[in-house]
Amino acid sequence: MEGGKIGGKVTANEVPITAWGTLSKFRKYAVYVPRDDSLLCNLTPRMIITAAARLRLPRTITRKQRKERARVVIKKLGLQSCQDRRVIKFSGKPGVTPSESRRVSIGQELLTNPSIMFVDELTSGNVPNYVCGEYSSLFINTFFSYPKG
């Protein structure tokens, strides 16, 4: 666009992001899931999500509550059947599928029950149309299943 201007504003719930204060304050409410999953491949989905719960949830949440939150996320994301399988193929045992791996990455972010989630997904047309709807309903059902904090 030669000589043109690009403009606009970034809002959340129709409130300009600047009203939230600094960008670091906004980051408390928003999470980002990158396109490329960066999971520790010798761990299981349960280990990964439980470790994320220990590291990312506030200290006011008890160990028992953290384990329960991890269990709920695993269940909501449909990871029960692979929760004890390593992320990669190991000693002849199958690893998790790419879809399951993606859900583990998303699950790490869902633990904190964010207000806003940015999920970097391919838009090349290789992904079936139902995937967006599948993730949308998954997020809605998961977000409202446990309180913030």
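Contacts that reach far along the sequence are a good place to start: among contacts between residues at least 6 apart in sequence, 72% join residues at least 24 apart. The model here is a predicted one. Of the protein's 149 residues, 34% count as buried.

**Overall layout**
- The secondary structure comprises five helices and four strands.
- Followed along the sequence, these elements come in the order β-β-α-β-α-α-α-β-α.

**How α2 and α3 pack**
- Two packed helices are described by the angle between their axes and the distance between the axes.
- For helix α2 (residues 45–56) and helix α3 (residues 63–76), the angle is about 135 degrees and the axes lie 9 Å apart.
- The two helices, α2 and α3, are therefore oblique to each other, and their crossing is right-handed.
- On the α2 side, the contact is made by R46, I49, T50, A53 and R54; α3 contributes R63, R66, A70, V73 and I74.
- If you sort the residues of this α2–α3 contact by character, you find five nonpolar, one polar and four charged.

**A closer look at α4**
- Helix α4 covers residues 98–110, which is 13 residues.
- From its first C-alpha to its last, α4 reaches 18 Å, close to the 18 Å expected at 1.5 Å a residue.
- In α4, 10 of the 13 residues are buried, so this helix is largely enclosed by the rest of the structure.
- Charged names appear in the buried set of α4, including E100, R102, R103 and E109.
- Also buried in α4 are S101, V104, S105, I106, G107 and L110.

Conventions: Residues are numbered from 1 along each chain as its sequence is written. This is a predicted model: local features need pLDDT of at least 70, side-chain atom pairs count only at pLDDT 80 or more; totals for chains, interfaces and linings use all residues. Side-chain values use heavy atoms; hydrogens and water are left out. Axes are lines fitted to C-alpha atoms, for helices over the stretch in contact, and angles run from 0 to 180 degrees between N-to-C directions. Angles under 35 degrees count as roughly parallel, over 145 as roughly antiparallel, 65 to 115 as roughly perpendicular and the rest as oblique. A crossing is left-handed if the near helix is turned anticlockwise from the far one by less than a right angle, and right-handed if clockwise. Contact means heavy atoms within 4.5 Å. The expected span of a helix is 1.5 Å times one less than its number of residues. Buried means under 20% relative accessible area, exposed over 50%, partly exposed in between (1.4 Å probe, protein chains only).
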